[in-house]
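Biologist: I should like to learn how to read the features of this structure. Might we begin with how its elements are defined?

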Amino acid sequence: MSENLVRGTGERLAKFAESMNIPFSFKSVVVSSLTEIDEAQFDLNPKETVAVFSEYALQGLVSEPNELEALMGFMRKIRPSIMVVLESEVNLNSSVFAHRFVEVLFHYGAYFDCVNACLESSSGGERGLIESMFLNNHVRELLVKEGEEMARVVTVDVWRQFFGRFFMWEVELSSSAMETVNLLLGRFVGGKYCTLDADGGSLIVGWKGTPIFSISTWKFLH
């Protein structure tokens with residue numbers, strides 16, 4: 001993610017917080033490598049609660065184990081009270097192109113169908129950003145690159161095993177959280193096509209039966 005995009009996100013969050021009269025501050029930290037990330041770069045207040053939200057951030061590091069290990073080591077140092085992880089729910093880790101192609105076809109076919117149903121073509125920039133920057137680029141990385149350069153995506157089962165190495169335990173989503181999700185889907189254009197399935201303590205969100213992403217919550221064991 002570019003520095004300008006991060007800055008823009010901070011500005012939007014600040015405006016939203018101001019409209020809700022919520023105290024808010026935003027600070028972006030940019031490093032050339034996650035092995036350089038350090039607690040001193042963050043304004044951590046011991047009196048405040050630390051929470052981490054990771055949206056599609058980890059899957060880009062599957063093919064870079066040193067970066068991923070460094071990030072998780074940092075997370076363990078700051079010990080967030082909760083870590084919410086949202087990742088694609090598909091196995092795109094095969095070195096065989098034909099297998100990978102079929103998985104990409106079904107997974108991203110459902111994704112594009114969802115975008116088409118939920119965002120009007122007249123929505124312009126928002127839809128174009130999703131389709132060109134996120135979906136098209138990712139599909140290219142998954143199909144064109146091979147070997148160590150190949151982008152990799154794994155399912156929540158794999159993340160579950162990985163997080164266990166860092167002494168993290170999965171926190172089951174509450175019934176009230178599930179009720180809120182169902183309520184939101186009822187107000188959402190195309191919500192009737194969304195599917196919700198439990199996988200351990202995680203929630204798998206799909207489109208017309210095809211899993212799209214997983215949402216899981218984690219805590220570090222002391």
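Modeller: Helices and strands are DSSP runs, numbered from the N terminus. In this predicted model, S214 belongs to strand β6, which covers residues 210-220.

Biologist: Is S214 buried or exposed?

Modeller: Buried means under 20% relative accessible area. S214 counts as buried because its relative accessibility is 3%.

Biologist: Which residues does S214 touch, leaving aside those up to four places away in sequence?

Modeller: With that exclusion, S214 is in contact with V85, L86, E87, E89, V156, L203 and I204.

Biologist: Where is L105, and is L105 buried or exposed?

Modeller: Exposed means over 50% relative accessible area. L105 is placed in helix α3, residues 97-118, and L105 counts as exposed because its relative accessibility is 53%. Together with F97, F101, V102 and F106, L105 forms a nonpolar patch on the surface. The accessible area of these residues together is about 500 Å².

Biologist: How should one read a value between the two cut-offs, as for N182?

Modeller: N182, a residue of helix α6 (residues 175-186), has a relative accessible area of 45%, so N182 is partly exposed. Along the chain, N182 and T195 are 13 residues apart, and 10.0 Å separates their C-alpha atoms.

Biologist: Which elements have the lowest and the highest mean pLDDT?

Modeller: Where pLDDT is low, predicted coordinates should not be read in detail. Among the elements, helix α4 (residues 125-144) has the lowest mean pLDDT, 75, and strand β2 (residues 82-88) the highest, 96. For the protein, the mean pLDDT is 87, with 95% of residues reaching 70 or more.

Definitions and conventions: Residues numbered from 1 in each chain as written. Predicted model: local features only at pLDDT ≥ 70, side-chain atom pairs only at ≥ 80, totals over all residues. Heavy atoms only, no water. pLDDT = per-residue confidence, 0-100. Helix = DSSP H or I, 4+ residues; strand = E, 2+ residues; numbered from the N terminus. Patch = residues over 30% accessible without salt bridge, like charges linked within 9 Å, V, L, I, M, F, W, Y side chains within 5 Å. Areas by Shrake-Rupley, 256 points an atom, 1.4 Å probe, with all protein chains shown as cover. Salt bridge = Lys/Arg side-chain N within 4 Å of Asp/Glu carboxyl O. Buried < 20%, exposed > 50% of the residue type's maximum accessible area, 1.4 Å probe, protein only. Contact = heavy atoms within 4.5 Å.
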